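Trainee: Hi! Could you walk me through this one? I'm new to it.

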Amino acid sequence: MKDTFYITTPIYYPSGKFHIGTAYTTVLADSLKKLNQLKNKDTYLLTGTDEHGQKIQQVAMKNGKEPKEYVDEMADMAKKLWKTMEIEYNDFIQTTEKRHEVIVQKVFERLLAQGDIYKGKYEGMYCVPCETYFTETQLVNGKCPDCGRDVIKMEEEAYFFNMKKYADRLLEYYETHPDFIKPEYHKTEMINNFIKPGLEDLCVTRTKFDWGIPVLSDPKHVVYVWLDALLNYITALGYLSEDDTLLKKYWPANVQIVGKDIARFHLIYWPIFLMALNLPLPKTILVHNWIVMKDGKMSKSKGNVIYPETLVERYGLDATRYFLLREMPVNQDGIFSPEAFIERYNFDLCNDLSNLVNRTVSMVNKYFDGKVPENQTHANPIDEQFEKEAQNQIIQFEEKIENFEIADSLKEIWQLIARTNKYIDETAPWQLAKEQETEKLASSMYHLIEYIRKIAILISPFMKDTAQNIFNQIGIKDKKLQMWDTLKTNIKLENIQVIPQGEPIFMRLKADEEIEYLKNIMKGN
Ligand code: MSP
């Protein structure tokens, strides 16, 4: 049986059009899925929409729609976007689906019966858009600490989850599972800001609105949206249902990806709920930063929003995916700017990658009638040095990606591209041709094609079409030669014929014009 790899994205609030920031998580999740597929693993990717709560009810009303009608339309919109972004999800869960709702009800009753949930009274400051209660001390200048908006005082009879009971177990889990939280600094933040000061019990029901899952034994209460939403990761796999084959196969998840704003829910509440249910915890929860603009968060009112469709339509999917993944550092936000986008396009994609492939295909045509020399000879001492350094780059890439340092792992691939470009200058094939050094020339062409093949494999999880385009140009048709396990050694390139006339994969853009174009789009023109 193959190893399995289960990846989840957060389920999205269907409260408006998704901008490039929202698309980041999903592109990342999809890339990790494709990477693990290449490694021959049985992968499963879950995404979906988080459809209950007062905010959604209000947005639906504002749009003159029934909540269910509204959320279904929004879920379709999300699916359409994921299709455009070529996100290969295995399941898309909506929290208003029966398969989810009935299990959330079952879970609630179970937690109630075993004493983890108890009935009490809640009084506190509530942020409607965030659907979160805060204590007075958590407020920042009297406003919501998460979104900065006004909060209102609310009181209600409510059910609580006994978080305190699990605090020590959670701390111990953090300490004994170094891979559980990535990057690690989020662990320190959770411990210092939330766990050490003392975990408060969590209010897990609401009575102020009814757009939620009713508690079976007390239906005037609906389940708190976060308890409802977090459970999607297991209800989608059939937890507590008649058929839990998927759960048995894929749980615990290998990696659950979340943005930094929802880290607390996933790093504290989620593992505690799982402990209460006696289920194993995910292997890694990967927290990422945000894509922001030079002047801060993206917002329509600031006139600085950019939607993924805009970039995909004009510059192609792969350039869009590349930019998002490449521009997000591990420990700070990634910045989108038209200048940076066009620069990455012109330099990384066009100058570095596209030119490397194009020059090489032309040379193989010119010197060997398009037929790639078969063998890995070291006719030239430069070849051996190149191989050593290039293989080392691949190792560097693997180390970074294993640790989910995505932008840095892409950087390593581009170092390999730069090293391969340098190899052309070092071997100077045009000179070798002139001097009729046929063996050296053959070895140079072999090495170029072999390392371009490896580069195509490395980029394929992130930029599938570009990788296929490269394989096609260099004549690598056999799928086996496109797999991960062929990266470690150099292979014999038997009967490989490059295409007669290489088309550039990326054409240089007129920077000024494109920057102007993007600026106008962002202003909403
Ligand atoms: N519904 C909750 C998640 C529940 S999971 C059980 C939610 N939804 S959301 O639509 O607001 O956000 C979905 C994801 O998009 C979150 O991980 C969030 O961090 C991410 N992003 C939203 N804006 C973002 C950027 N500007 N940049 C990167 N990610 C961003 O939270």
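**A first look together**

Mentor: Happy to! Let's begin where helix H15 ends: the next residue is Ala428, with a positive phi near 40°. Helices (H or I, at least four residues) and strands (E, at least two) are DSSP runs, numbered from the N terminus. This is a predicted model, where local features need pLDDT of at least 70, side-chain atom pairs count only at pLDDT 80 or more, and totals for chains, interfaces and linings use all residues. Residues are numbered from 1 along each chain as its sequence is written, and side-chain values use heavy atoms, leaving out hydrogens and water.

Trainee: Why point out a positive phi?

Mentor: Because most residues other than glycine have a negative phi, and most peptide bonds are trans.

Trainee: Okay, and which loop holds Asn40?

Mentor: Asn40 is in the loop between H1 and strand S2 (42-49). Asn40 is not a glycine, yet its phi is positive, about 70°.

Trainee: What kind of peptide bond joins Lys182 and Pro183?

Mentor: A cis one, with omega about -15°. Pro183 is in the loop between strand S7 (181-182) and helix H6 (185-195). The bond from Trp251 to Pro252 is cis too, with omega near 5°, and Pro252 lies in the loop between helix H9 (245-250) and S11.

Trainee: Switching to the ligand: how many residues surround it?

Mentor: There are 22, and the closest are Ile11, Asp50, Gly259, Asp261 and Ile291. A residue counts as near if one of its heavy atoms lies within 4 Å.

Trainee: What is the mix by class?

Mentor: The shell has 12 nonpolar, eight polar and two charged residues. Here Ala, Val, Leu, Ile, Met, Phe, Trp, Tyr, Cys and Pro count as nonpolar, Asp, Glu, Lys and Arg as charged, and the others, Gly among them, as polar.

Trainee: Which helix gives the most to that shell?

Mentor: H7, with three residues.

Trainee: And which atoms does Asp261 use with the ligand?

Mentor: An N or O atom in the side chain of Asp261 is 2.5 Å from a ligand oxygen. With Ile11, a polar backbone atom is 2.8 Å from a ligand nitrogen. For Ile291, a backbone N or O atom lies 2.8 Å from a nitrogen of the ligand. Pairs of N or O atoms within 3.5 Å count as polar contacts; within protein, one must be able to donate a hydrogen and the other to accept it, and residues adjacent in sequence count only if both atoms are side-chain atoms.
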